[in-house]
Amino acid sequence: MINVPRGTQDLLPGETEKWQYVEEKFKALCHTYNYHEIRTPIFEHTELFQRGVGDTTDIVQKEMYTFTDRGERSLTLRPEGTASVVRSFVQHKLFGHPTQPTKLFYIGPMFRYERPQQGRMRQFVQFGVEALGSADPAIDAEVIGLAMNLYRSLGLKSLKLVINSLGDVESRNNHRHALVEHFKPHIHEFCSDCQIRLEKNPLRILDCKKDKDHPAMQTAPSILDYLNDESQAYFAQVKSYLDHMGIDYVVDKNLVRGLDYYNHTAFEIMSDADGFGAITTLSGGGRYNGLVEDLGGPETPGIGFALSVERLLMALDAEKIDLPIDQALDGYVVAMGDNAVKKAVEIVYNLRQAGIQVDKDYQGKKFKAQFKAADRLKAKFVIVLGEDELAKQVVSVKDMTTGDQQEIPIASIATEMKQLIQGGKA
RNA sequence: GCGGUCGUGGCGAAGUGGUUAACGCACCGGAUUGUGGUUCCGGCAUACGUGGGUUCGAUUCCCACCGGUCGCCCCA
């Protein structure tokens, strides 16, 4: 027997309905925020992620699904969405379109080669949005608000929004310098990862779980102290907009994002819910001024976020929220006797043409078993067709909720069924 | 990549170094010759992850591998 590859999953009926529901919710929300869908390939030139996501990141160093195709090209299954969207933005010169900023959303699978655990798969699905072409702090707040809005509209309560500012290039460089100076004298007391980080990306030392109790950690220079006036003002405005929008947040000066392209605003939304797994981050995002340029476009600011659908559904589960998914079938045709069974095929066909959702037996089941099947499928109405009915050219329609039964002529079955179904809903 | 834990029918779950490997759910049929959700009776199922080893004999003991799961690192 061949199973799915490690870290991937089949979504079966019963589960797919939930996915469809949250996808529709997300699309509708993007519509109200005036974001438009973009669909990019699932694989890209490896170089895109090396340059876009950053050579020093874990994603690029050890998590990419990279392969060589028959033309000797190095390609990579996308590990995240932003690089592709920005590539597309540049390639198609969307920066030249009259309406700016360019507001895009995407839905699709991402791939990272990691050891799977709860909330972490090798193939996972992200919803994401990107707003390109505006350096207005209000759009940072808009993007954060959209994310919070989605979670809240689905009923999630145990949410924590964490934000930070990574500052502009100048601020980051000053901070980086200060970090190296600060940790250098103690670095031999830190874990091996941190010793490497000191050279490559000292900001990430702040993120280390192993060394979090080291005294030098507590006294480490905060990025917030190194923000220049402009960066400070920007961060203050983002927070102010969030305040006005009534969105609660906590500032975590150690929030560092795993991708190199972030600057200024960085944020994560986490779940507080009991019984949630070790991984609590539901979504993350931030500003990436400079990325468009890095990928060959004109100087263009950008901000976006991505959320994991798997984790979203986990969060709903943890908070015991049932999505309003209608599983009931409108009607089920139960037939008995050779002639009636044949006639049932015709009736089902006609009802479906009229847009009524019906089904029938295809297992050669006995009358009683057909009723059982109707019950299991949660049919609202059972349409009974036997020799008696056939002789009178009618069907007996039973309302499965009330138990009431009435005869209706086969000639007008579609219109009468429609009325019954609508009446049943009211 | 590292560590814990687990691997028995479609699902859940007992169990044993030795004749036919429990049970529950689900499914099918009957009681009820044309009316579901309850009950009772009966029936059904290619099941011990894979490969080695120990043994007269392994589903059981040992080893390796594979897979699931949870955690570490890191992230969505």
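Biologist: Where along the chain does proline 101 sit?

Modeller: Quick housekeeping: this is a predicted model, where local features need pLDDT of at least 70 and side-chain atom pairs pLDDT 80 or more, while totals for chains, interfaces and linings use all residues. Residues count from 1 along each chain as its sequence is written, chains are lettered from A and ligands numbered from 1 in the order written, and side-chain values use heavy atoms, leaving out hydrogens and water. Helices (DSSP H or I, at least four residues) and strands (E, at least two) are numbered from the N terminus. On that scheme, proline 101 falls in the loop between α4 (82-91) and β5 (102-111).

Biologist: What kind of peptide bond joins glutamine 100 and proline 101?

Modeller: As a rule, most peptide bonds are trans. Here omega is about 0 degrees, so check that general habit at the door: the bond between glutamine 100 and proline 101 is cis.

Biologist: Is asparagine 34 buried, partly exposed or exposed?

Modeller: Asparagine 34 is in the loop between α1 (16-32) and β1 (36-37), with a positive phi of about 65 degrees although it isn't a glycine. Buried means under 20% relative accessible area and exposed over 50%, with partly exposed in between (1.4 Å probe, protein chains only). Asparagine 34 has 44% relative accessibility, so it counts as partly exposed.

Biologist: How does the radius of gyration of chain A fit the globule rule?

Modeller: Chain A has 16 helices and 16 strands. The radius is taken over C-alpha atoms, and the rule is 2.2 Å times the number of residues to the power 0.38. For 426 residues that rule gives 22 Å, so chain A is more spread out than a compact globule, with a radius of gyration of 28 Å.

Biologist: Which element gives the most to the surface near RNA strand B?

Modeller: Near means a residue has a heavy atom within 4 Å of the strand. The residues of that surface divide into 13 nonpolar, 12 polar and 23 charged, where charged covers Asp, Glu, Lys and Arg, nonpolar covers Ala, Val, Leu, Ile, Met, Phe, Trp, Tyr, Cys and Pro, and polar the others, Gly among them. With six residues, the top contributor is α14.

Biologist: How far is a polar side-chain atom of glutamine 405 from a base oxygen of RNA strand B?

Modeller: A polar contact here is a pair of N or O atoms within 3.5 Å; within protein, one must be able to donate a hydrogen and the other to accept it, and sequence-adjacent residues count only if both atoms are side-chain atoms. Alanine 278 uses a backbone N or O atom, 2.8 Å from a phosphate oxygen of the strand. For glutamine 405 and the base oxygen, the distance is 2.6 Å.
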